[in-house]
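The following exercises concern burial and packing in a single protein model. Please inspect the sequence and the coordinates before attempting them.

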Amino acid sequence: LCAENSLIGLRLARQMPQVGDDTQTCAQAGREWAVRLSVRPTPNPNFVRVQAQVADGDKPLLALSTVMGRY
């Protein structure tokens with residue numbers, strides 16, 4: 001849920017996210033999870049690749065990726 005919510009939040013912002021990395025925290029199931037968002041360029045400048053990776057400390061648990069375009 002944390003990874004999905006992070007990607008949905010970017011879509012709801014209705015802006016192309018800036019290329020780079022960002023780490024957020026997410027409270028879910030009574031725990032705090034680290035969510036790292038990585039935004040990378042694609043060969044087409046109208047799109048970026050976004051990955052949301054959830055980790056428990058230094059241990060990665062799940063990664064979801066999507067492609068986002070300009071609005």
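Three exercises follow, each with a worked solution.

The model is predicted: local features need pLDDT of at least 70, side-chain atom pairs count only at pLDDT 80 or more, and totals for chains, interfaces and linings use all residues. Residues are numbered from 1 along each chain as its sequence is written, and side-chain values use heavy atoms, with hydrogens and water left out.

**Exercise 1.** Determine which residues of helix α1 are buried and what covers them.

Solution. Buried means under 20% relative accessible area with a 1.4 Å probe, protein chains only. Helices are DSSP runs of H or I with at least four residues, strands runs of E with at least two, numbered from the N terminus. In α1 (residues 2–12), Cys2, Ala3, Ser6, Leu7 and Leu10 meet the burial criterion. Their directions, taken from the helix axis to the C-beta atoms, fall within an arc of 135°, so these residues line one face of the helix. The cover includes β1 (20–28), β2 (31–41), β3 (47–56) and β4 (59–69).

**Exercise 2.** Characterise the surroundings of Ser6.

Solution. Ser6 counts as buried because its relative accessibility is 11%. A polar atom of its side chain lies 3.0 Å from the backbone oxygen of Cys2. Contact means heavy atoms within 4.5 Å; leaving out residues up to four places away in sequence, Ser6 touches Gln24, Val35 and Leu37.

**Exercise 3.** Identify the elements that give two or more residues to the largest nonpolar core.

Solution. Such a core joins buried Ala, Val, Leu, Ile, Met, Phe, Trp, Tyr and Cys residues through side-chain atoms within 4.5 Å. The largest has 15 residues, and Cys2, Val35, Val48, Val50, Ala52 and Val54 have the most contacts inside it. The elements sought are α1, β2 and β3.

Terms used. Buried means under 20% relative accessible area, exposed over 50%, partly exposed in between (1.4 Å probe, protein chains only). A polar contact is a pair of N or O atoms within 3.5 Å; within protein, one must be able to donate a hydrogen and the other to accept it, and residues adjacent in sequence count only if both atoms are side-chain atoms.
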